[in-house]
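Welcome, and thanks for taking a look at this one with us. Please have the sequence and the 3D view open side by side as you read.

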Amino acid sequence: QIMLSIRAKDVHADKAVEAFRRAKHKFPGRQKIVKSKQWGFTKYARDDYVTWKDQGRIQHDGVNAKLVENHGPLAAKNPEPLFLEPARVYKIRNDA
């Protein structure tokens, strides 16, 4: 169960971890501090998010972000943000 969650810039990460380390003594029981691998509260990894943002594949959606894909009717899309490569490459299992 997550008790506290915070979003901070990468330059302030050490100060946020130190603040949580001091605050965990205020709660009974064992408390763990975990630094997420995702960007903010999104479901995307940090390195993927930075790459996709540089490519223009990320569309902001409030505090979250959407990944712009090439799915859907082409007539309804602007031709400039169409991408030739997929954003994610999944591992294909070879059963030999």
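## Briefing

Glu18 is partly exposed, with a relative accessible area of 29%. That residue is a handy place to begin, as Glu18, Arg21 and Arg22 are linked in a network of salt bridges. Please keep in mind that this is a predicted model. The bullets below go from the charged pairs to the overall layout, then to the core, the aromatic pairs and a surface patch.

**Salt bridges around Glu18**

- Glu18 pairs with Arg21 in a salt bridge, and their closest N and O atoms are 2.8 Å apart.
- Arg21 and Glu18 are three residues apart in helix H1, so about one helical turn separates them.
- Glu18 also forms a salt bridge with Arg22, where the closest N and O atoms are 2.9 Å apart.
- Both Glu18 and Arg22 belong to helix H1, and they sit four residues apart, again about one turn of the helix.
- Arg21 counts as partly exposed at 38% relative accessibility, while Arg22 is exposed, with a relative accessible area of 56%.
- The label for Arg22 follows from the cut-off: exposed means over 50% relative accessible area, and Arg22 has 56%.

**A salt bridge between distant parts of the chain**

- How many salt bridges does a search of the whole structure find? The search finds three.
- One of them joins the side chains of Asp10 and Arg46, at 2.6 Å from N to O.
- This pair links distant parts of the chain: Asp10 is in the segment before H1, Arg46 is in helix H2, and their positions lie 36 residues apart in the numbering.
- Asp10 is partly exposed at 48% relative accessibility, and Arg46 is partly exposed too, with a relative accessible area of 26%.

**Overall layout**

- The protein has two helices and two strands, and along the sequence they follow the pattern α-α-β-β.
- Of the 96 residues in the protein, 14% are buried.
- The accessible surface comes to about 8,800 Å², and carbon and sulfur atoms account for 54% of that surface.
- Taking contacts between residues at least 6 apart in sequence, 23% of them join residues at least 24 apart.

**The nonpolar core**

- In soluble globular proteins, nonpolar side chains tend to be buried together.
- Which residues make up the largest nonpolar core here? There are seven: Tyr44, Tyr49, Trp52, Ile58, Ala65, Leu67 and Ala87.
- Helix H2 (46-55) and strand S2 (64-67) each contribute at least two residues to this core.
- Leaving aside residues up to four places away in sequence, Tyr49 touches Trp39, Tyr44, Ile58, His60 and Ala65.

**Aromatic pairs**

- The structure holds two aromatic pairs.
- Trp39 and Tyr49 form a stacked pair, with 4.7 Å centre to centre and 10° between the planes.
- This stacked pair links distant parts of the chain: Trp39 is in the loop between helix H1 (13-23) and H2, Tyr49 is in helix H2, and the two are 10 residues apart.
- Is each partner buried or partly exposed? Trp39 is partly exposed, with a relative accessible area of 30%, whereas Tyr49 is buried, with a relative accessible area of 5%.
- Tyr44 and Trp52 form an edge-to-face pair, at 5.5 Å centre to centre and 85° between the planes.
- Buried means under 20% relative accessible area, so Tyr44 at 6% and Trp52 at 4% both count as buried.

**A nonpolar patch on the surface**

- Where do nonpolar residues form a patch? Met3, Leu4 and Phe27 do so on the surface, and together they have about 270 Å² of accessible area.
- Met3 lies in the segment before H1.
- At 43% relative accessibility, Met3 counts as partly exposed.

Methods. Residues are numbered from 1 along each chain as its sequence is written. This is a predicted model: local features need pLDDT of at least 70, side-chain atom pairs count only at pLDDT 80 or more; totals for chains, interfaces and linings use all residues. Side-chain values use heavy atoms; hydrogens and water are left out. A nonpolar core is a set of buried Ala, Val, Leu, Ile, Met, Phe, Trp, Tyr and Cys residues joined through side-chain atoms within 4.5 Å. Buried means under 20% relative accessible area, exposed over 50%, partly exposed in between (1.4 Å probe, protein chains only). Contact means heavy atoms within 4.5 Å. Rings of Phe, Tyr and Trp (its six-membered ring) pair if their centres lie within 6.5 Å; planes under 30 degrees apart count as stacked, over 60 as edge-to-face and the rest as tilted. Patches are made of residues with over 30% relative accessible area and no salt bridge: like charges are joined within 9 Å, nonpolar side chains (Val, Leu, Ile, Met, Phe, Trp, Tyr) within 5 Å. Accessible areas come from the Shrake-Rupley method with a 1.4 Å probe; for residues, only the protein chains shown count as cover. A salt bridge is a side-chain nitrogen of Lys or Arg within 4 Å of a carboxyl oxygen of Asp or Glu.
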